[in-house]
Amino acid sequence: MTPTVTVRGLRKRYGHTAVLDGLDIAFGAGVTGLLGPNGAGKTTLLRCLATTLAPDAGELRVLGLDPATASGRTGVRRRLGYLPQDPGFYPHFTVFETLDYVAILKEMTDRRERHREVTRVLAEVGLADRARTKVRKLSGGMRQRLALAQALLDEPDLLVLDEPTVGLDPEQRLRLRALVSRLGESRTVLLSTHQTEDVAALCERVVVMDGGRILFDGTPAGLAAVAAGRVSLGDHRPGPGALFWRTADGRYRTIGDTPADAVPAEPTVEDGYLLLVGRTQEAA
Ligand SMILES: Nc1ncnc2c1ncn2[C@@H]1O[C@H](COP(=O)(O)OP(=O)(O)OP(=O)(O)O)[C@@H](O)[C@H]1O
């Protein structure tokens, strides 16, 4: 892998809490998913890469540039598409005006070319028929698609997407998967999510973070394999302390020690993630 993004010894703390605790990692072309519980440090890492937050210590190289310098930050921003967790839009702008405004900030000076690009990204996210709608009239899922559209403007080399599937209906989620996987064929896409199905379906690499550290870095199949031999299906309710739920066919699916009458089941990415994160939370 030729790294597009390199992170060495990255540290960030708020007050006495170390949110990123000496992180070392590199990312190359393709789609990488970041998983981790609330507060794990995913957004903090993505914000450092997107140059909206300065780390306390450590080295970053993003697209060959150093975000610690003013010229490096400008260079990264020119080639970056960033979907922040909480994008602030002007409610009285229309969808088209919002994207046109971001495109101007991205230095797209030719009006005709810029409008063509806005039209293209609107079609990519299925909002072409909403171009004249005011942002305040959009549904939550439509607003999320608008946020994604602004990240796609001007074909960025690096896409940083913080929880891109939040609020999307199943059809739009599928559409986003198709779009992101296509982009990942030639670019670096980093996305954070709580949806293990999206990771399994879309990401060739998954990184699990907790407490500002990396717990796992590998393929979705490798993360599922963390739970190999520790997932089972049984007809009887497991004892207290077990992590289980009743499935649609009335059987009990248990993650962890196999109850006496249960049979092994195929582990999923979610099972591996739950075991990994559960173990560290028990140890904490
Ligand atoms: N501006 C801030 N001031 C103080 N603490 C902050 C700030 N931003 C983040 N934090 C804290 O840093 C920690 C990591 O937050 P971060 O948003 O990076 O986590 P996350 O993995 O993205 O979580 P989530 O899945 O909930 O989005 C949390 O404990 C959070 O409360």
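The following exchange examines a predicted model and the reasons behind several descriptions of it.

Me: Why is helix α1 called largely enclosed by the rest of the structure?

Reply: A residue is buried if 20 or more other C-beta atoms lie within 10 Å of its own. Of the 8 residues in α1, which spans residues 42–49, 7 are buried, so the helix is largely enclosed. Those buried residues are Lys42, Thr43, Thr44, Leu45, Leu46, Cys48 and Leu49. After the helix comes Thr51, with a positive phi near 65°.

Me: What makes Lys42, Thr43 and Thr44 part of the surroundings of the ligand?

Reply: A residue is near a molecule if its C-beta atom, placed from the backbone, lies within 6 Å of it. Lys42, Thr43 and Thr44 are among the residues that surround the ligand, as are Tyr14, Val19 and Asn38. With 3 residues, α1 gives the most to this shell. By class, the shell holds 3 nonpolar, 6 polar and 1 charged residues.

Me: Why is Leu49 counted in the largest nonpolar core?

Reply: Such a core joins buried residues of certain kinds, Leu among them, through C-beta atoms within 7 Å. Leu49 is buried, and Leu49 is among the residues with the most contacts inside this core of 65 residues. Helix α5 (residues 140–152) supplies the largest share of the core, 7 residues.

Me: How do you know that Val189 touches Val31?

Reply: Contact requires C-beta atoms, placed from the backbone, within 7 Å. Val31 is listed among the contacts of Val189, together with Leu159, Leu161, Val180, Leu183 and Gly184, leaving aside residues up to four places away in sequence.

Me: Which residues does UniProt assign to the feature "domain: ABC transporter"?

Reply: The unreviewed UniProt entry places this feature at residues 5–236. In the model, that span is 35% helix and 27% strand, and its end C-alpha atoms lie 49 Å apart.

Notes
Residues numbered from 1 in each chain as written. Predicted model: local features only at pLDDT ≥ 70, side-chain atom pairs only at ≥ 80, totals over all residues. Buried ≥ 20, exposed ≤ 12 C-beta atoms within 10 Å, placed from the backbone. Helix = DSSP H or I, 4+ residues; strand = E, 2+ residues; numbered from the N terminus. UniProt positions renumbered as here; feature names shortened; annotations may be inferred. Nonpolar A, V, L, I, M, F, W, Y, C, P; charged D, E, K, R; others polar. Contact = placed C-beta atoms within 7 Å.
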